[in-house]
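Here are some friendly notes for your next look at this model. They run from the helices to the salt bridges and then to a few spots in the loops and on the surface.

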Amino acid sequence: MTTVDDQQPRSGAGPVALAELRGEFRHLRTAINNRTFAAKLALCAALTGGGAAIALHPALWSRVVGVVLLGCMFAHAAELQHQTLHSLGFRNRRANTVAGIVLGVPMLISFAAYRATHMRHHRDLGTPENREFFDYGDQYGADGRRSRWRTALTWTVRFTMLHFYRLFLVNAARAALRRDYAGESAATSRRIRRDHHVILAAVLAMTALSVALRDPVVLWVWILPLLLVAGPVHAAIELPEHFRCETLSEDPFANTRTIRSNRLMTWFTNGNNFHVEHHLMPNLPIERLPELHAEVRPGLKYFHTSYVDFFRKVVRG
């Protein structure tokens, strides 16, 4: 286990220092590779399809394996969607939007709502105005003095993603009633309604298929993978990003965490483990983040060599 919490970040704080630091790494900027992201989508689709086939096999062991695989792919799709938020999947903006909408359906994530909130998160991180799309309650672990039962309740709320599902139901109802969304422009509200209409149509289609086949298809290939696997896995992926970091500092070396991890987890989280690097250069292609990590590694303040190391330290308090 290696941490460098006692090291000083290279960047200092403030927009001027960050702009200068980003200038040092402009040599890493490259054109977006459409084929790379298309390959990611194809692999995700293949594994999702395989998971659905396994989950629909009547044997219990097959159901369990299929549900777990599907849930993991739902969470992986959300990480791929994150890439499209930054228009880093395809060179074409419309292609990113279409891919982002589809990738968000399994976890009930509106591409437009996520994108609008996420862009503000990048802008406001380090200030009291910072808000994130996924609300986990005690977002960054600031409430450190809790009784045992409150601690258990806090983690239950986080890993079941109850706040997010409640928000989805509220937003879906607004979409059905054709209402705008607070804090969003009329254009963004139209896009958010569009996304919720797509998700609701998918829910209705899967439900109709289940009724027609007289088999709870929607339960095995969507509801159970979402609630039992995708939600907790997604919450676990997002937890390290800023948890117990200095979120009122504008310095990404202080307000964000990086986890080096291994190739499997880097693929599964779609580079989300290199989170300091992403906040330092949010428009850098995801595939170049490991190279940026190699250059900024000495200055990382919150750093872990693996997800196991991070969660072990969280559990130990």
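1. Helix α3 is a good place to begin, since 19 of its 26 residues are buried, where buried means under 20% relative accessible area, exposed over 50% and partly exposed in between (1.4 Å probe, protein chains only). The helix covers residues 60–85 and spans 38 Å from its first C-alpha to its last, close to the 38 Å expected at 1.5 Å a residue. That expected span is 1.5 Å times one less than the number of residues. Helices here (H or I, at least four residues) and strands (E, at least two) are DSSP runs, numbered from the N terminus. After α3 comes S87, with a positive phi near 55 degrees.

2. A word on the basis of these notes: this is a predicted model, in which local features need pLDDT of at least 70 and side-chain atom pairs count only at pLDDT 80 or more, while totals for chains, interfaces and linings use all residues. Residues are numbered from 1 along each chain as its sequence is written, and side-chain values use heavy atoms, with hydrogens and water left out.

3. Helix α4 (residues 93–104) has twelve residues and reaches 16 Å between its first and last C-alpha, close to the 16 Å expected at 1.5 Å a residue. Its buried residues are N96, A99, G100, I101, L103 and G104. They pack against α2 (34–55), α3, α5 and α8, with contact taken as heavy atoms within 4.5 Å.

4. How many salt bridges are there? The count comes to eight, a salt bridge being a side-chain nitrogen of Lys or Arg within 4 Å of a carboxyl oxygen of Asp or Glu. One of them joins R120 to E184, with the closest N and O atoms 2.6 Å apart. This pair links distant parts of the chain, 64 residues apart: R120 is in helix α5 (residues 111–124) and E184 in the loop between α7 (162–176) and α8. R120 counts as partly exposed because its relative accessibility is 27%, whereas E184 counts as buried at 18%.

5. The loop between α7 and α8 also deserves a look for D180, whose side chain meets that of R193 in a salt bridge (2.7 Å, N to O). Here too the pair links distant parts of the chain, with D180 in that loop and R193 in helix α8, 13 residues apart. D180 is partly exposed, with a relative accessible area of 38%, and R193 is buried, with 9%.

6. Please look as well at E246 and K301, which form a salt bridge with the closest N and O atoms 2.4 Å apart. The two are 55 residues apart and link distant parts of the chain: E246 is in the loop between α9 and α10 (252–255), and K301 is in the loop between α13 (289–296) and β2 (303–304). Relative accessible area is 30% for E246, so this residue is partly exposed; K301 has 18% and is therefore buried.

7. Which residue in helix α9 is worth checking for its charge? E238 is in this helix, and E238 is buried yet has no salt bridge. The nearest side chain of opposite charge, R158, is 7.0 Å away, with Lys and Arg counted as positive, Asp and Glu as negative, and His and the chain ends not counted. Apart from residues up to four places away in sequence, E238 touches Y114, F134 and Y136.

8. Helix α9 (residues 217–238) also holds L219, which belongs to a nonpolar surface patch with I223, L227 and L228. Together they have about 340 Å² of accessible area, computed by the Shrake-Rupley method with a 1.4 Å probe, where for residues only the protein chains shown count as cover. Patches are made of residues with over 30% relative accessible area and no salt bridge; like charges are joined within 9 Å and nonpolar side chains (Val, Leu, Ile, Met, Phe, Trp, Tyr) within 5 Å. An α-helix has 3.6 residues a turn, so residues three or four places apart point the same way.

9. Two loop residues may be worth a backbone check. R244, in the loop between α9 and α10, has a positive phi of about 55 degrees although it is not a glycine. S261 likewise has a positive phi of about 55 degrees without being a glycine, and is placed in the loop between β1 (258–259) and α11 (263–268). R244 is partly exposed at 36% relative accessibility, while S261 is buried at 17%.
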